[in-house]
Amino acid sequence: MDAQNGRIKGEAKKALRAVIEKYGIPVTITANQNLILQEIEPAAKPDVLAMLAAGGIRDVAEWDSLERTSMACPALPLCGLAVTEAERGLPDINVRIRALLTKLGFGADTTFIVRMTGCPNGCARPYMAELGFVGDGPNSYQVYIGGNPNQTRLSELYADRVKVKDLEAFLEPIFVHYRDNR
Ligand code: SF4
């Protein structure tokens, strides 16, 4: 199920609603676009997991860590201030980043916080990401690097006008430096 970047729809939404209503589960909405289902009785857990799985909701262990921790703003077509994609663009960007990391010999456990917004207003907090993309034109982004995993350090602007089509060529030297010198 595609439930990235705060989007829950279709069968997944129905399954979530059904399980919450059936068991009266308290839900917390987090600032990282996640839902936390709380106070589930251990005896109910298998049924809860089965109901969610039937709705296409993947177990947390099945998500790539880049997908699980990344975040994007709505941007196009929902936000009138957007100059480029964010919510719809980030899933593919994550896949491309993972493929590049694999090609460069990083293990599957290599991960960092990726954020993307469709304009500089920064509604998905790209300025605190370890790798932040801020829309600065059609299919084009400023790239910020240097945040930390728990979001207590601001990143710094590293490049302007990086085109999506050039993503791998742009990121490869950065990742190689990270691999060899971190
Ligand atoms: S960061 Fe810009 S494009 Fe994204 S939701 Fe905020 S104002 Fe809209």
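Is Ile 8 buried, partly exposed or exposed, and at what relative accessibility? I looked this up first. Ile 8 has a relative accessibility of 32%, so I class it as partly exposed. I note that the model is a predicted one.

**Entry: the patch with Ile 8**

I placed Ile 8 in the segment that precedes helix H1 (10-23). I then looked for nonpolar surface around this residue. Ile 8 makes a nonpolar surface patch with Val 27, Ile 29 and Leu 35. I wrote down about 330 Å² for the patch.

**Entry: overall layout**

I listed 5 helices and 7 strands in the protein. Their order along the sequence reads α-β-β-α-α-β-α-β-β-β-β-α. For the extent of the protein, I took the C-alpha trace along its principal axes and noted about 50 × 40 × 30 Å. The protein has 182 residues, and 40% of them count as buried.

**Entry: the sheet**

I followed the strands next. What is the strand order in the open sheet of 5 strands? I read it as E3-E4-E5-E6-E7, with mixed pairing. Strand E3 (71-72) and strand E7 (156-163) are the edge strands; each has a single partner strand, so one side of each has no neighbour in the sheet. The partner pairing I checked at the E7 end is with strand E6, residues 140-145. E6 and E7 run in the antiparallel sense, and I noted 5 bridges between them. Within this region I also recorded a residue pair: Glu 156 in E7 stands opposite Ile 145.

**Entry: salt bridges**

How many salt bridges does a search of the whole structure find? The search gives 11. I went through three of the pairs.

I started with Arg 17 and Glu 21, whose side chains form a salt bridge at 3.0 Å, N to O. Both residues belong to helix H1 and are 4 residues apart, which is about one turn of the helix. I marked Arg 17 as exposed and Glu 21 as exposed too.

Next I took Arg 58 and Glu 67, where the side chains meet in a salt bridge at 3.7 Å, N to O. Arg 58 has 27% relative accessibility, so I entered it as partly exposed. Glu 67 has 15% relative accessibility and therefore goes down as buried.

The last pair I examined was Arg 96 with Glu 168, a side-chain salt bridge at 2.8 Å, N to O. This pair links distant parts of the chain: Arg 96 sits in helix H4 (residues 90-103) and Glu 168 in helix H5 (residues 167-181), 72 residues apart. I then checked the accessibility of both partners. Arg 96 is buried because its relative accessible area is 18%. Glu 168 comes out at 27% relative accessibility, so I entered it as partly exposed.

**Entry: the ligand**

Which residues surround the ligand? From the earlier part of the chain I listed Cys 73, Pro 74, Ala 75, Cys 79, Leu 81 and Ala 82. To these I added Thr 117, Gly 118, Cys 119, Asn 121, Gly 122 and Cys 123. I sorted the shell by class and got 8 nonpolar and 4 polar residues. I found no charged residues in the shell.

Note on methods:
Residues numbered from 1 in each chain as written. Predicted model: local features only at pLDDT ≥ 70, side-chain atom pairs only at ≥ 80, totals over all residues. Heavy atoms only, no water. Patch = residues over 30% accessible without salt bridge, like charges linked within 9 Å, V, L, I, M, F, W, Y side chains within 5 Å. Areas by Shrake-Rupley, 256 points an atom, 1.4 Å probe, with all protein chains shown as cover. Salt bridge = Lys/Arg side-chain N within 4 Å of Asp/Glu carboxyl O. Helix = DSSP H or I, 4+ residues; strand = E, 2+ residues; numbered from the N terminus. Buried < 20%, exposed > 50% of the residue type's maximum accessible area, 1.4 Å probe, protein only. Near = heavy atom within 4 Å. Nonpolar A, V, L, I, M, F, W, Y, C, P; charged D, E, K, R; others polar. Pairing = 2+ DSSP bridges.
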